[in-house]
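Trainee: Could you take me through one part of this model in detail? I'd like to look at the place where the two chains meet, and hear how it fits with the rest of the chain.

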Amino acid sequence: MTLSLDPRTTPVAAAITGSGGSGAVTAGLILLDAVAHAGFYGLLSRSSGPQIRGGESAVMLRFGPTPVRCLGDRYDLLAALDWGNHGRFSDEIPLDRDSLILADPQAGEIPDAVLASGAAHRALGLRASAKERPGGRANMVAVGAVGALVGLPLAALLTGAERTLRRKGEGVVAAARACITAGFGSIDAHGAPSALLVDPGQRPRRWSINGNEAAGLGALRGGVRFVAAYPITPASEMLEWLAPRLERLGGALVQAEDELASINMIIGSAFGGVPSLTATSGPGLSLMMEGIGLAVASETPVVVADVMRGGPSTGIPTKSEQSDLDIALYGLHGDAPHLVLAALGIADCVLTLEWATRLAEHLQTAAIVLSDQSIGQSRAIIDPPPALSPPSSAGPGQGRRTAKAGADYHRYALTADGVSPMSLPGQAGCAYTADGLEHGPHGTPSSVAADHWAQLDKRRAKLEGFDFGHAWAEIDGDGPLCLVTWGSSRGAALEAAERLRAAGRPTRVIGLRLLAPLRRDALLGAIGEAEVLVIELNHGAQLFHYLHAQRALPPGARSLARPGPLPLRPAEIAAACDRGAAPVPSIRATPGRGR
Amino acid sequence: MDATVIPSLHAKAYKSDVKPVWCPGCGHFAVLSALTKTLAYLRVPTEDVAVISGIGCSSRLPAYLSGYGFHGVHGRALPLAAGLKAARPELTVIAAGGDGDGFSIGGNHFLHACRRNMDFTYIVMDNEVYGMTKGQASPTTQPDWAKSKLTPHGTGMRRFQPAAIALAAGASFIARGYAGDPSGLTHLLTQAIEHPGFAFVHVLSPCQTFRPEQKAWKQMVHPCALGPTHDAAHAAQLIQRDDGMALGVLYAVDLPVYACAGSRPGDDALERIEAELAL
């Protein structure tokens, strides 16, 4: 059986699974590279068993003619290198009667649970073929066979292998090329003529990047030159990517002893004038709350990136969820308005981190930026992200408002826009002591009512009065149905909206990037008269309740909130729209009283 | 320092106009005074001084000096100072706090600051009590002190040993001073600031309000035994036999200082980093 797949018109999804040491991940990386060299966009995610090293793994790849924003509803092809612990991945790799399973007869029987999907199956002697070539490996035969089945050209597969395995030496590369060629050749009557999508000489060179790397790049673009951090899954790769690059740019990364040291170190470095960042996940963000409050109260700019995992508590470190919105918004004691942003996908991490850094610096406050495991640890082929464009008020060159030395410098002077000129240590004539204690304009601690009220007003007004421009959200399409979402869920929402439009239901998708301060009027304006469904990957409908509390939703707005660890799928979202009269969540929601 | 002569400032120039909240007779006044004399002696421009603290009576210090300061949250003076030093290595950075801030909630940062050996000074004003919160036991309080309602039978725990722990954690400079010996203290602070690396100065600074019996320290302090301060074995012996009242430099060695941002200019450009992402 062959699949009739044509990635030039429709995205194709393939998965490869195998036990520890079988090389599923390497196979996936080679295929992603091949996807890029054939001119396609792609998205690659991975999943593995709990073992520290060498556990079973799965790679999920989706690619096509346009940017791939989510993994879709189903897989066209599953290539199993073997069946060890395969049950772990069954929820993540949905198959159906139109899918094809490629399996090595030497690996044993296909499990009944897998066959129950109704997928067709085809035997391929991966090991037998590998044995015939010196140094041959079954996973490379699978690369060739999968490539042929999904419509990738052999040349792209071979280039992908060369690039991915170059470090392992010529022998390994040669063996891989031989196996890939053999696997490719073993598939006759390909589903579609494979061809390069676009002449590679003409297109702009695309990037292969994961969300954690993209976030690191955004931070560097925003001016971050100091990072202090404590390793934590799934954020550690952001730090590992940043460490050598900060050094190349004259900056530094310090591995701190814990998250409490991390947040306080970056407050210290920012006090000294260097834009600073830390990255963590839910448990670390919890630890940092007091420190973030200090940054807010002392008006010291910092950026805290939270790559969300399954929660609560230790939760599910290696899986994705969007359940840290509540703590990002409300985790500080006292009245402590601050910035909360969320990246809308892998490529968007670049823009969002750059913007967050520039905003934090200009507004002299803490910015919490939410990403998640599915963004951070998935790799995509993307167009190079554009630079943050003016007229965003906190664009390049804006930076911090600096102080001039003069008689009687007041660090926390009340100004028209709430942002006070900020001096830096080393600057003569305008020294001050920054304080977490409430203070007067001079900075001296004060418990006087007028001072407290004035400083609270200032710290709120500087955020709420700021012109954030158009980057507060990405808005696609228009229609009587409006999907409001954030973060990694936007990808599936966009795809659901495409299907709804095709079925005659014009749909708008609003992906929020700036969550606090909330652009309430702009959001209500973008919703207009549409029927709203708020979409998010958490159990408590956190975004829905936040927007509702802010009176930013029309009456009758509905919620689709499901926890991780599985990503929201376009079909789920489309089905929730079809259900029409699904009930409004009752626990905390009261019927809207209008705008 | 450049070739032009830096005008020498009077110690008074390092004091701000802010009136300390400390009780009359508090040991911390002497530490403030000694620090201003030290900075004057070293001719550090006031704008190049940054005093970083946590929470507690002694942590109110930064506002009482005329340079830059940061009054942070409880127990976190050391990482605040470390971050500032990493970003601005040319500044004279002084971390300060008390025995609770430094050895209880701040204990973990103390261990790692000793290990990290960044070039700044850490002054702990130890009065063996939590004064700001009105008189609870601290890690350096004697086990049988039963004057706090929280520990009416005493703490039940042996005392935290700052000098011993600093040595075990790898600190490169350990000294003990006493607020009642201001000229000795000034001399120690000068050595501490000049020391290349992390300099820990443990200052016995009596709390006249909650530990009035600490008046007796005057008779109990004594110079530490003389000997090669760079010798770890000698220091270990000194500290093992320490009655907690020995004053002076207990240990001082030159160890590699933690190198960070600013110590090396970057030689690359962001454009090149971005280009590496392209296929």
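**Where chain A meets chain B**

Mentor: Sure. Chain A puts 49 residues into the contact, and chain B puts in 44. Keep in mind that this is a predicted model. On the chain A side, the elements that give two or more residues are a mix of strands and helices: β7 (207-210), α7 (211-222), β8 (226-229), α8 (236-248), β9 (252-255), α9 (259-271), α10 (282-298) and β15 (433-435). Of these, α9(A) gives the most, with 9 residues. Sort that side of chain A by class and you get 25 nonpolar, 14 polar and 10 charged residues.

Now zoom in on β15(A). This strand pairs with β2 of chain B, residues 68-71, running in the parallel sense over 3 bridges. If you want a specific spot to click on, try A:Asp435, whose bridge partner in β2(B) is B:His71.

Stepping back to the chain behind that surface, chain A has 18 helices and 21 strands. Its radius of gyration is 26 Å, close to the 25 Å from the globule rule for 595 residues, so chain A is as compact as a globular protein of that length. Along the principal axes, the C-alpha atoms of chain A fill a box of roughly 85 × 55 × 45 Å. Buried residues account for 56% of the 595 in chain A. As for contacts within chain A, take those between residues at least 6 apart in sequence: 75% of them join residues at least 24 apart.

Technical notes. Residues are numbered from 1 along each chain as its sequence is written. Chains are lettered from A and ligands numbered from 1 in the order in which they are written. This is a predicted model: local features need pLDDT of at least 70, side-chain atom pairs count only at pLDDT 80 or more; totals for chains, interfaces and linings use all residues. Helices (H or I, at least four residues) and strands (E, at least two) are DSSP runs, numbered from the N terminus. The radius of gyration is taken over C-alpha atoms; the globule rule is 2.2 Å times the number of residues to the power 0.38. A residue is buried if 20 or more other C-beta atoms lie within 10 Å of its own, exposed if 12 or fewer, and partly exposed in between; C-beta atoms are placed from the backbone. Two residues are in contact if their C-beta atoms, placed from the backbone, lie within 7 Å. Ala, Val, Leu, Ile, Met, Phe, Trp, Tyr, Cys and Pro count as nonpolar, Asp, Glu, Lys and Arg as charged, and the others, Gly among them, as polar. Two strands pair if DSSP finds at least two bridges between them.
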